[in-house]
Each structure stands twice: as C-alpha cells, then as structure tokens.
Amino acid sequence: MNHKIKSLIFKSLDILPNKMGYGVYHQIQKFLNRNSIHHKIKTNDRSFKEALNILAEANIDLTDKTIFELGSGWAPIIPYYFLYFQNASKVVTYDINEHYDVKAIAKLNAYFKDEFQIEVATAQKKYQLPKNVAYFPNVNLAATNSLATNAVDLVFSRFVLEHIPPKELLEIHKNLAKNLQKPFHVLHMISPSDHRAYDDKSLSYYDFLKYSADEWKQQHTKFDYHNRLRLPDYIRIFQESGFEVVSLSYDTCEKDSEKYRKFKELTLHKDFEHYTEEEVLAGSINVLLKIR
Ligand SMILES: C[S@@+](CC[C@H](N)C(=O)[O-])C[C@H]1O[C@@H](n2cnc3c(N)ncnc32)[C@H](O)[C@@H]1O
C-alpha cells in the first residue's frame, strides 16, 4: 500500500478515541497480514537463516533451549522455526499489542504441514498454538518485572526495536538484565531505515532524517512509530543496561548506488549531523549481545 494512503489511514485512526482507533487498526492489520502470511513466512525464513549464521559463529546451540521473543507480531513464524528446525524446547513470546490472528495461525499451521510435513500439535484454546509456545500479548516489558519464566537462553527480536521509544528500550533492557537468569544472549535484528521507502521507491531510505523531532512527530502516529535511532544510539542503550556486544553486522550503501545518491540529495536535520556517514547509513543491524 502506498505510504501516503497508509499515513492518511493511520492519521485518521489517531483522531479516534484510543480504544476505537486501536480496534479498527487491529482489524485492518489482521486482514492484511492474514492475506500475506506466505510472503511473511518467506521473509522470516531469510532472517532466520541470517540469525542461525550469527548464532553458529558464536557457537550457540539452541537444542533444548528456551527462547524469549520480544515482539511476537501476527503469527509465531520465528517461534516455529526455533522449535521445529533448531529443536528449542520452548518459546515465550511477548508483545505490547495482541496482533496474533486465529486465521493467520491456521494458515501457518497448514503451511508447516504441506511444506515440511510437520503437524503442529495444537494444544491451546484461543489460538491454535503448540504447548511449547507461550504467548503474552498486551505486556509492556518496560513497565513489568513479572515474567513468565526467568530461565531463558536467548532473547530474540526481529524488526521490533526501531518501533520502541528510546527510554522504553533502555527500561526493557534493564528489566531483562535484572529479571532473567544470567548468563544469556540477546540477538536483535533491527531495521533502522525509513519504512515509508519500502512502499515508495521515490523516497530515500534515510528520508526521515531530514526532519526535526517535532516535524517527525507530525509525520507519523502511534500506529507507525519509528524512533529513528542510529547504530551508536542502540549500542549505548545496550551497554548502559549491562550488555556486552559479541558480534555486530550491518548493511551500508555502495557509493555508486541509487540508495547512496538519494541519501546525498538529502539535507540531514542538525540532530543527525554529529554521526559519521557510516553510522547514519548503517541498515539491517544484527547485534548479538551477552550478559554474565
Ligand atoms: C514490525 S512488527 C514485527 C513482528 C515480528 N517480530 C516479525 O518479525 O514479523 C513489530 C512488533 O513489535 C511489537 N512491539 C512494538 N513495541 C513493542 C514493545 N515495547 N514491546 C513488545 N513488542 C512491541 C508490535 O506490536 C509488533 O507486533
């Protein structure tokens, strides 16, 4: 969907009372995601392979391990990959929203049966989930010390951190450090680009960096929030919460690429002038952390 139409829908929903706005937002999201579940499985598959390479390089084996997912999204695609392809024993998955959708999960289960001959033994009432996926929606991890389990081996997130305000990110990491049994690892896959550029090819992936904080606030809503943090900001938050960086990888842009040309056409807002070009450009950030 064109980002201008999307933005108009989000801005219209933002005017409604909170409960009503979220109600309509969830229905639209469910409909869209239910119909794009096969596409989502393919993109998650790519991320999963990347994640496995990072974990293998750090000699991390997930057999019989417990994974804590931050940001469950619409269906337990990554949890199934961890359980069925890496023999993890359990995935607990938390989200500030309740996006899981009965129909999307039914489609995911059917896909696993047809494609991989894996019969997902559904054991739960509300959603057709196996017993070793524990779903905790509507939880703000920045504001809770009470977790379903504190024995976790890996915290994982994919395309979630960029949607969390900086102060909450710090609180979440402090809470994880305080409440989970050490040692454990954390693997975050972060997409720090301007998401509007995915739909609108005329926009630079860095377009939103031309706005001041106030201007950016006018451009988006709570439904499409993006914190615009750059690589060093994330690293600072992780280190301030007690984590150590084990490995870090990110994309950059080739100087002769269209992406770089569009970036150079932008005038960055002064808030972003103190970063090096490499720090600003760093995209698709994968960071493995540990805490002892
Ligand atoms: C872009 S989706 C990604 C979902 C999933 N990880 C995936 O890769 O498909 C971002 C998800 O993060 C969730 N989220 C946003 N802020 C969060 C927070 N503070 N705590 C937990 N989840 C959050 C959203 O509700 C949404 O489900």
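In which sense, parallel or antiparallel, do strand β6 and β7 pair, and over how many bridges? Strand β6, made of residues 244–251, pairs with β7 in the antiparallel sense, and six bridges hold the pairing. Keep in mind as you look that this is a predicted model. To find your place along this pairing, start from serine 249, whose bridge partner in β7 is asparagine 286.

Now stay with β7, which covers residues 283–291, and turn to strand β5, residues 184–190. These two strands also run antiparallel, and seven bridges join them. A handy landmark here is histidine 188, which stands opposite valine 287 in β7. So much for the strands; the helices come next.

Two packed helices are described by the angle between their axes and the distance between the axes. For helix α6 (residues 166–179) and helix α9 (residues 231–240), the axes come within 8 Å and cross at roughly 35°. The crossing of α6 past α9 is right-handed. If you would like to see who meets whom, look on the α6 side for Pro166, Leu169, Leu170 and His173, and on the α9 side for Asp233, Ile237, Phe238 and Glu240. Sorted by character, the residues of this contact comprise five nonpolar, one polar and two charged.

Finally, let us visit the ligand. Around the ligand there are 16 residues, and those that come nearest are Gly71, Gly73, Ile96, Asn97 and Arg158. What is the make-up of the shell around the ligand in nonpolar, polar and charged residues? The shell holds seven nonpolar residues, six polar ones and three charged ones.

Key:
Residues are numbered from 1 along each chain as its sequence is written. This is a predicted model: local features need pLDDT of at least 70, side-chain atom pairs count only at pLDDT 80 or more; totals for chains, interfaces and linings use all residues. Two strands pair if DSSP finds at least two bridges between them. Helices (H or I, at least four residues) and strands (E, at least two) are DSSP runs, numbered from the N terminus. Axes are lines fitted to C-alpha atoms, for helices over the stretch in contact, and angles run from 0 to 180 degrees between N-to-C directions. A crossing is left-handed if the near helix is turned anticlockwise from the far one by less than a right angle, and right-handed if clockwise. Two residues are in contact if their C-beta atoms, placed from the backbone, lie within 7 Å. Ala, Val, Leu, Ile, Met, Phe, Trp, Tyr, Cys and Pro count as nonpolar, Asp, Glu, Lys and Arg as charged, and the others, Gly among them, as polar. A residue is near a molecule or strand if its C-beta atom, placed from the backbone, lies within 6 Å of it.
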